[in-house]
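Dear colleague,

I am passing this structure on to you, together with some notes on what came out of going through it. Please look it over before reading further, and keep it open beside the text.

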Amino acid sequence: NNGNVVTTVNGTIQNDGTVTGNVAKLFFANGSNYIHTRAGGNIPNANWNSASTCKITGLTSADVGNDNQAFGNLIYDCPNMSGAIRNLGANGLSIAGNLEIINTGTAVLKLNLNNLSVGGNLIISGGVFRIGDNTSRTITVSGSVSMNGGTLQMSTGNNAADRGTLIISGNFSQNGGTITETSSGRGAVNFPGNTTQLFSKN
């Protein structure tokens, strides 16, 4: 975070302590990785190439800070995550590449902003990921959605205004896992493309 130094990451930064930066001084280049192994703490503010990856692995009972950035790929793989709810993002979060949910431990990872744009694919292979939570929330995916395991909770509220929506420009495949909506809440998967989109469920 030095005002006179520009740092470009072409390899990997693994954060076990404290890493600080700002968007004008810390650049994650094409193919680079940031791995957040801390139980909480902050992701450094940075400029993220669309083909860079921010991987969250160390969370336990606290959310990660500074996750409201414009990331390339974003991965959650936190086997020790605990507590009822952990929050994904805040206003300002966007994902140019893929969003991948691998493991959420014993917790639920909840979308924490009303609208999330994913420029690549949404891949769910484990854990519990919640879209609607007593309010309407939407994820717009420019690529495809693949569900290979875990649970996708479209809604969990007790009112019809609680609606979790997936808008998918590519294809949708479910090879495992569970998709739910609860009580009076609702869920919707919309295919707005003007070319053929494929739906498959095994």
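R130 is buried in this predicted model, with a relative accessible area of 13%, and its side chain meets that of D133 in a salt bridge in which nitrogen and oxygen are 2.7 Å apart. D133 also meets the side chain of K110, here with 3.8 Å from N to O, and this second pair links distant parts of the chain, since K110 lies in strand β12 (residues 108–111) while D133 sits 23 residues away in the loop between β15 (128–130) and β16 (137–141). K110 has a relative accessible area of 12% and D133 one of 19%; as buried means under 20%, both of these residues count as buried. Through the partner that the salt bridges share, K110, R130 and D133 are joined into one network.

The search of the whole structure finds 3 salt bridges, and one of them still has to be described, namely the pair D63 and R86, whose side chains meet at 2.8 Å, N to O. This pair too links distant parts of the chain, with D63 in the loop between β6 (53–56) and β7 (70–71) and R86 in strand β9 (residues 85–88), 23 residues apart. The two partners differ in how they are placed, for D63 is partly exposed at 28% relative accessibility, whereas R86 is buried, with a relative accessible area of 11%.

Strand β9 also holds L88, which is buried with a relative accessible area of 0%. Which residues does L88 touch, once those up to four places away in sequence are set aside? They are D67, L74, Y76, L93, L99, L109, K110, L111, N112, L113 and F129, and I would point out that K110 in this list is the residue that meets D133 in a salt bridge. L88 and G65 are 23 residues apart in sequence, and their C-alpha atoms are 9.8 Å apart in space.

L88 belongs to the largest nonpolar core, which has 40 residues, and it is among those with the most contacts inside that core, the others being L74, Y76, L99, F129 and I139. Strand β17 (residues 145–155) gives the most to this core, with 4 residues. As background, nonpolar side chains in soluble globular proteins tend to be buried together. L99, again leaving aside neighbours within four places in sequence, is in contact with L74, L88, L116, V118, N121, L122, I123 and F129, so you will find L74, L88 and F129 both in this list and among the residues with the most contacts in the core.

Lastly, the cysteines: how many disulfides does the count come to? The count comes to 0. C54 is in no disulfide, and the nearest cysteine sulfur, that of C78, is 10 Å away; because a disulfide requires two cysteine sulfur atoms within 2.5 Å, this pair does not qualify. Seen from the other side, C78 is in no disulfide either, with the sulfur of C54 as its nearest at 10 Å. C54 is buried, with a relative accessible area of 1%, and C78 likewise counts as buried, at 0% relative accessibility.

With kind regards

Notes
Residues numbered from 1 in each chain as written. Predicted model: local features only at pLDDT ≥ 70, side-chain atom pairs only at ≥ 80, totals over all residues. Heavy atoms only, no water. Salt bridge = Lys/Arg side-chain N within 4 Å of Asp/Glu carboxyl O. Helix = DSSP H or I, 4+ residues; strand = E, 2+ residues; numbered from the N terminus. Buried < 20%, exposed > 50% of the residue type's maximum accessible area, 1.4 Å probe, protein only. Contact = heavy atoms within 4.5 Å. Core = buried A, V, L, I, M, F, W, Y, C linked by side-chain atoms within 4.5 Å.
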